[in-house]
Amino acid sequence: MPISAGSRYHDELIATANKIASQGKGILAADESTGTIGQRFENITLENTEANRIRYRKMLFTTPGLNQYISGVIVYDETLRSNCEEGVALVRRLQDQGIMVGIKVDKGLAVIPGTEGENSTQGLDGLGDRCAEYYKMGARFAKWRAIYKISASTPSERAVQENSWALARYGAICQENGLVPIIEPEVLMDGNHDIEKAAQVTEHVQATVYKAMHEQGLLLEGTLLKPNMVSGGSENLTKLTEMDIAAYTIRTLQRTVPVAVPGVVFLSGGQSEEHATLNLNMMNAMPAKKPWRLTFSFGRALQQTCLNVWKGLDENNEAAQQAFLERCRVNGDAQMGTYKGGSGDTTSLFQSNYAY
């Protein structure tokens, strides 16, 4: 029987995970790398400088009323270390509102030898020291993303097993250092596969991840799962309803995710703002066995309209914050199954082989 990870922080890990999975709230994923945020800034013709990155994230983090709908924010290493012009730590703007700070800890992707270009996530070397430092800096949860691409021959079992082991090892190291690990096995939307294939692959991936987590002794009550919603591939033209996506997604979770896990925080995966919210709402509104909190950990689906309104101009801060808060509010409604629809942009945010 494996020794449980994180025994020193047992009660704190459980409390943190449950606070993040609070009713009516979700996570803002603001952990874009310097390169990725630069791509977003290009769309509004804003120079990608540290000062502008701080300005943008300060605008998000100081949105009045943010803590009504956001329980946690995932940030990038630079953001955790950044100060506002007043000399105050940028993440202090979140902590003062009772919002938990999370940190992206992986180091990106590398090709797995002997596969058809499949990737494993890097960053286990030195992770314990990084987690200990992040905890001292105020972070209380972490994120690590693994990706799986569906094709005629992928994902291979080699890729599934390697990424599952790494996700579990990352989770154990986080818990040993007081951080709640968000486990993110993302089955990408890329491809022409149908929803049945997506469900089959996602189910296998998640089952393999939880087997690895059990073998490595993770405290499941002190973890969160960040999966993809189950849908057809981006090149598949079959029209799916919100009920189709919700039903397949819930069935996959029922077959793989232990009841002990307090929350499932979905990624938006390139869906439009509106579709991501409608699909989350349907999962919460439909009658089914759902012992976990089903909520959101959205990046693009919370920020896109806000960024377009802001345009890099301080005089647009208030309008941008209002647009951002509205996306947070409606996703809070969706987490409770009460969103009526119609408030979000329906433009797809899909990017092939998305990395951040």
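Colleague: Is Arg329 buried, partly exposed or exposed?

Modeller: This is a predicted model, in which local features need pLDDT of at least 70, side-chain atom pairs count only at pLDDT 80 or more, and totals for chains, interfaces and linings use all residues. Residues are numbered from 1 along each chain as its sequence is written, and side-chain values use heavy atoms, with hydrogens and water left out. Buried means under 20% relative accessible area, exposed over 50%, and partly exposed in between (1.4 Å probe, protein chains only). With a relative accessible area of 29%, Arg329 is partly exposed.

Colleague: Which residue meets Arg329 in a salt bridge?

Modeller: A salt bridge is a side-chain nitrogen of Lys or Arg within 4 Å of a carboxyl oxygen of Asp or Glu. The partner lies three residues away in helix α12 (residues 317-335), so about one helical turn separates the two. At 2.8 Å, N to O, the side chain that meets Arg329 is that of Glu326.

Colleague: Are Lys143 and Glu184 buried or exposed?

Modeller: The two residues form a salt bridge, with their closest N and O atoms 3.5 Å apart. Lys143 is in strand β6 and Glu184 in strand β7 (residues 180-187), 41 residues apart; strands (E, at least two residues) and helices (H or I, at least four) are DSSP runs, numbered from the N terminus. Relative accessibility is 0% for Lys143 and 0% for Glu184, so Lys143 counts as buried and Glu184 counts as buried.

Colleague: How many salt bridges does the structure hold?

Modeller: One of them joins the side chains of Glu12 and Arg140 (3.4 Å, N to O). Lys58, Glu85, Glu86 and Arg93 are linked in a network of salt bridges. The number that the structure holds is 20.
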